[in-house]
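Q: Could you take a close look at one part of this model and describe its surroundings with care?

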Amino acid sequence: MFKNFFKVAFRNFWGSKGFYAINIIGLAIGMASAIIILLWIQNEVSYDQFHEKKARIYEAWNRAIVDGKLMSWNTTPKILARTVEKDLPEVEQATRVNWNNVFLFIIGDKRLMIRGNHVDSNFLQMFSFPMVKGDPKTALKETYSIVITKKLATKLFGKEDAMGKVINIRNKDNFRVTGILKDIPNNTRFDFECLLPWSYLRKLGPDDDNWENNSTRTYVLLKPNVNLAAVEPKMRVLKQKYDDEAKKDNWQMFLYPISRWRLYSNFQNGFETGGGRITFVRLFGIIAAFILLIACINFMNLSTARSEKRAKEVGIRKVVGAQRFSLISQFIGESILLSFLAGMIAIILVQFSLPAFNQLTEKSLYIPFANPLFWLAAIAFVIVTGFLAGSYPAFFLSSFQPVKVLKGTFKKANALVTPRKVLVVLQFTFAILLIICTIIVKQQIEYAKDRQSGYDRNSLIYIYLSDDLDKNYPLVRNDLLQSAIATSVTKTSAPLTESWSDGWGQEWEGKDPNDKTDFRRYNEDGDLGKTAGLKFIAGRDIDIHKYPTDSLAIILNESALKVMKFTNPVGQLVKDNGQQWHVVGVVKDFILESPYDPIKPMIIYGPKSWFNIIQIKLNDKNATGQNLKAIEAIIKKYDPIYLFEYKFVDQDYATKFEDEKRTGILAGLFAGLTIFISCLGLFGLATYMAEARIKEIGVRKVLGASVTNITALLSKDFVKLVIISILIASPIAWFAMHKWLESYSYRINISLLVFVASGLLAIGISLMTVSYQAIKAAIANPAKSLRSE
């Protein structure tokens, strides 16, 4: 029986190679697309799910009124970890993470900037980052111990055993390697190459017991069998016990489970909405299902379109006694066999496509060939796809009645509504939907890019401030200006594209006692306006050389001025953290954070502040390369071990659009794949229609029909289907993109032209797809098609 099945299947494949090639290619592309998306989804849902104690791990969050709104955020006071261990008996332990640090490693002649975190010594006991060497209980006990990843160990010491080796950091302190971790997986929020003990951070000074300083992340491990509900009431009022201001403002704290960090951490009005990245995961899952469905629809359409080719086979089989079940089994079996061939091609396509997809999505996805579960899932995926693609054709073909088939009276090629037409409409509806979404995403990106940033990004670079550079900063600044390398130089607390500090509680004359405005804090030591090209609407820039009292000067942005409501802002006093500051100027609002959001109130503090960055405005009269080389020489003069790594502010600003740009590229990619698969099916259907109506075309040509008339006759049915798809897709796309745009304060209005352009594009693509077969049929010699008549 099986031999007969394969023989029949092979004869059918070989007899219609072109038809089956279209089917296999379409199915393979659909399967490959779905596999890549499913790999992405699997990576997202597995984030931080590999920790053995994940069911008991929580992150501490704040909930309080900020800027008149109830807000939640996940940075906490440093003292919180030890407090929850002391005050909450349900807590087994707590650990802190001071993240996103960059350390200068010095080993012999090597100079490397390495990403690392300061963590409590119990960090590796709470989180399951497997160690190649070392003991997670003791690896971070000593102040000058360090744990590094296996990849970093190889980078630093080659094939030598890194355990016990000494690493110098910042040319100051020597650390001994006490542990080596397996490389950090790509499905975790933690991103580091090394771990340093919290005790070392305390030695440097940034540790404090201030309940108002929310600057670190705190993770809590509950004891086994403890219910979160039992801890929540105590956690909620914990800060109020130690901070009178928090009690007055009803400041609350809560624990957020690890299972929801990645996908659900979208908060509105202080509470989780159930949204977040899970929205994208669900959307991508829907897209994967639709792309695969479209590929299956192609199979269904082409198989049923070829029904005439196999109708007599079905009729004769039924006449000689074949049961319908055996016919269904034959057709579904052929479909699954085709699906296996398409699956093998899909795996190859995925393997070749993953590097580019990983680069686009900034992930490290791979096909787990060594995992038996992957092969079981792959086989199940192929069988389900084959069954889905072959089910309708199997039931359709097996339903033919032998009498009608053998008389040739079963065809209904020109029925007004057929399942085939419905499937074509479904295909193009999804394709047009993605085209519209792609155009709107691109328009939103361009709209935000065109927004005035409020400062001059050109020829502006920044470097990180080292201890030696800070100590010798006046000399560094003087050398840069005197050598005409730079036209202006300033120290700041952060790059111009980022906000590293914010806070509330400032006091000024006429302030509303209930005001809880959260001000962005930014620091400069002078000449920020000149360096960044800020526009002053009142007063001047900070200049400590000309005005010695400017060490306690501040500058407000327009949004801050609106909050403080000063009529004459220059000279006004503002108190912050017990220190009195005086206003010397007001600048027009400039974009420090997201270009899609409203600009927040900002206070720029003068030299009596802290600094991390040197901002340098390059001299345009010199070549950029020449400027950079000269800057490096000056930096090395005052800090010989400094690893000169600079960043251009305009490039940093461009990264603000990366997420939306990535969304647009993915939507465009999926739209292109959908259209391609749909057009494959359309091409096959056009071929079938031309063959089915070949005698009609011959008669029309004999009666005087032109090539244009016949081409239009064959194309109009497909154009009608595409127009129906446009009418269905447009309102769905409008609703989806309207909801997406609602998350941006600075956004476009959706234009009717988007839908018109998308519709014309879809019609044009469909016409190009079917026109070849239509013209080919129209110019054929009618004598050949009518010869049998």
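A: In this predicted model, His-51 sits in the loop that links helix 2 (17-45) to strand 1 (57-66). His-51 counts as buried because its relative accessibility is 1%, and the cut-off for that word is under 20% relative accessible area. The side chain of His-51 comes to 2.9 Å from the backbone nitrogen of Ser-128. Ser-128 also appears among the residues that His-51 contacts once its neighbours within four places in sequence are set aside, and the others are Ile-57, Phe-127, Phe-129 and Ile-258.

Strand 9 (residues 194-197) offers another view of buried side chains, since both of its faces are covered, with Cys-194 and Leu-196 buried on one side and Leu-195 and Pro-197 buried on the other. In a regular strand, side chains alternate between the two faces of the sheet. Strand 9 runs parallel to strand 4 (residues 110-119), to which it is joined by four bridges, and Leu-195 is the bridge partner of Asn-117. Strand 6 (residues 145-149) is antiparallel to strand 9 and is joined to it by two bridges, with Ile-148 standing opposite Cys-194.

The surface provides a contrasting case: Phe-340, Ile-379 and Ile-383 make a nonpolar patch of about 230 Å². Of these residues, Ile-379 belongs to helix 14 (residues 372-398), and Ile-379 is described as partly exposed because its relative accessible area is 40%, a value that lies between the limits of 20% for buried and 50% for exposed.

Key. Residues numbered from 1 in each chain as written. Predicted model: local features only at pLDDT ≥ 70, side-chain atom pairs only at ≥ 80, totals over all residues. Heavy atoms only, no water. Buried < 20%, exposed > 50% of the residue type's maximum accessible area, 1.4 Å probe, protein only. Polar contact = N/O pair within 3.5 Å; in protein donor to acceptor, adjacent residues only side chain to side chain. Contact = heavy atoms within 4.5 Å. Patch = residues over 30% accessible without salt bridge, like charges linked within 9 Å, V, L, I, M, F, W, Y side chains within 5 Å. Areas by Shrake-Rupley, 256 points an atom, 1.4 Å probe, with all protein chains shown as cover. Salt bridge = Lys/Arg side-chain N within 4 Å of Asp/Glu carboxyl O. Pairing = 2+ DSSP bridges.
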